Amino acid sequence: MAIDLPELSAKLCSLHGTHRSQYVAEATSEIIQSITAMLRQTPSKKCSDRHGLLLPKGIPSEVVYDISELCAPFVDNEEIKPLVDALLQCNIGAVLPESNKTGLSPAFVHSISDKGIELSYASKVALWTKDISAFEHYVIATVRSVTHCDRRCSDSDVEEVLTRSHLVQACCQHSQLFHHIRDLLKSDLVASRGAEAVVNIIKMFHKLFRQELTSSSSQQLVPLSTYCYYPTHLHPLLQLMTATACDPDQLWVHIDRLMNTVSGSLQLRTVDVWLVLIEFDQWRDGDDQRLRLAVNSACDLT
């Protein structure tokens, strides 16, 4: 793929010029549009566009890396916003032999996060699925906007933050994102020893997640189930908690059995049960003192 990187670099640098001629502006716009169009194409076989750019199936990882590296300092410039979106959403092909350039440049990803660039939903999800560290950074910032607020956030405040973040929709579409955010929230839960603000955001996230899952499932031939996102040993517990009339006695009998039969350390089993009870709004501090003591012990050991 023949791209004149020095020329692209010069054109990007010219964006910050204070006295750009119309010719420079048009030339810069043309090359940005050309590369943006190239990135947005996913041809089934090799071909060339009118500028002579070779278009293989999927954009080679090294090419995406080099272009994103050049764009890193300029991601907040409105003139290259289409190029930023195209880089995030392009179909990245195979890594070239003996190359360590695997997709988006770290400098590009960090620049988007550090400068708080507002991305479209499609670009957000594309970034998160390509770079899990960017997803983690976004989740942590979103959670802290609620848990480290100067005032107590109401349920409607938490719902608004989560809705605006698009995290719920993304996790419904990509199970790996759901598992990752669940691990991050679990860590916060243990580290804060079950702080009210953390418990509230976990409950609201999963309430919205189940609503979104139900809405998405109604539009699919094979409906999605909450069970798909949880390990099989928790399925009987989920079934009890989602029953129309949840029997508290039966629930706690099952929890006691689960704590004693599932493999793994008692600490991990305790935190897993604690988290799923909060997620389905079934956790009450006074419900079972043995579990409460086990939770305190698990937090002390972490």
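Ile 278 is buried, with a relative accessible area of 2%, and this residue of helix H14, which covers residues 266–279, is a convenient place to enter the structure. The model is a predicted one, and the values given here were computed from its atoms. When neighbours within four places in sequence are left aside, Ile 278 is in contact with Leu 189, Val 199, Ile 202, Lys 203 and Trp 283. The C-alpha atoms of Ile 278 and Ile 201 are separated by 10.0 Å, while the two residues stand 77 places apart along the chain.

How does this fit the chain as a whole, and what share of contacts between residues at least 6 apart in sequence joins residues at least 24 apart? In the protein chain that share is 67%. The chain has 15 helices and 2 strands, and buried residues make up 43% of its 302 residues. Its accessible surface comes to about 16000 Å², and 52% of that area belongs to carbon and sulfur atoms.

Leu 189, one of the contacts of Ile 278, leads to helix H10, which holds the 17 residues from 175 to 191. At 1.5 Å a residue this helix should span 24 Å, and because its end C-alpha atoms are 24 Å apart, the expectation and the model agree. The buried residues of H10 are Leu 177, Phe 178, Ile 181, Arg 182, Leu 184, Leu 185, Leu 189 and Val 190. In reading such a list it helps to remember that an α-helix has 3.6 residues a turn, so residues three or four places apart point the same way.

After H10 comes Arg 193, in the loop between H10 and helix H11, residues 196–217. Most residues other than glycine have a negative phi, yet Arg 193, which is not a glycine, has a positive phi of about 55°. Is Arg 193 buried, partly exposed or exposed? With a relative accessible area of 40%, Arg 193 is partly exposed. His 166 can be read in a similar way: although it is not a glycine, its phi is positive, about 70°, and it is found in the loop between H8 and helix H9, residues 167–173. His 166 is partly exposed, because its relative accessible area is 23% and the cut-off for a buried residue is under 20%.

Helix H6 offers another view of the interior, for Ser 123, Lys 124, Val 125, Ala 126, Leu 127 and Trp 128 are buried there. What covers these buried residues of H6 includes helix H4 (81–89), H5, H7, H8, H9 and H10.

From H6 the path continues to the open spaces of the model. Rolling a probe the size of a water molecule over the atoms shows where empty space is left. The largest pocket has a volume of about 430 Å³, and the elements that give two or more residues to its lining are helix H5 (106–114), helix H6 (121–130), helix H7 (132–147) and helix H8 (155–165). Which helix gives the largest share of the lining? That helix is H7, with 6 residues. In total 19 residues line the pocket, and Ile 117, Glu 118, Lys 124, Tyr 138 and Thr 142 lie nearest its centre. By type, the lining divides into 9 nonpolar, 7 polar and 3 charged residues. Lys 124 therefore links two parts of this description, being a buried residue of H6 with a relative accessible area under 20% and also one of the lining residues nearest the centre of the largest pocket.

Methods:
Residues numbered from 1 in each chain as written. Predicted model: local features only at pLDDT ≥ 70, side-chain atom pairs only at ≥ 80, totals over all residues. Heavy atoms only, no water. Helix = DSSP H or I, 4+ residues; strand = E, 2+ residues; numbered from the N terminus. Buried < 20%, exposed > 50% of the residue type's maximum accessible area, 1.4 Å probe, protein only. Contact = heavy atoms within 4.5 Å. Areas by Shrake-Rupley, 256 points an atom, 1.4 Å probe, with all protein chains shown as cover. Expected span 1.5 Å × (residues − 1). 1 Å grid on protein atoms, 1.4 Å probe; cavity = no way out; pocket = protein on both sides within 12 Å on 5 of 7 lines; lining within 4 Å. Points joined across faces, edges and corners; volume = space filled by probe spheres on them. Nonpolar A, V, L, I, M, F, W, Y, C, P; charged D, E, K, R; others polar.
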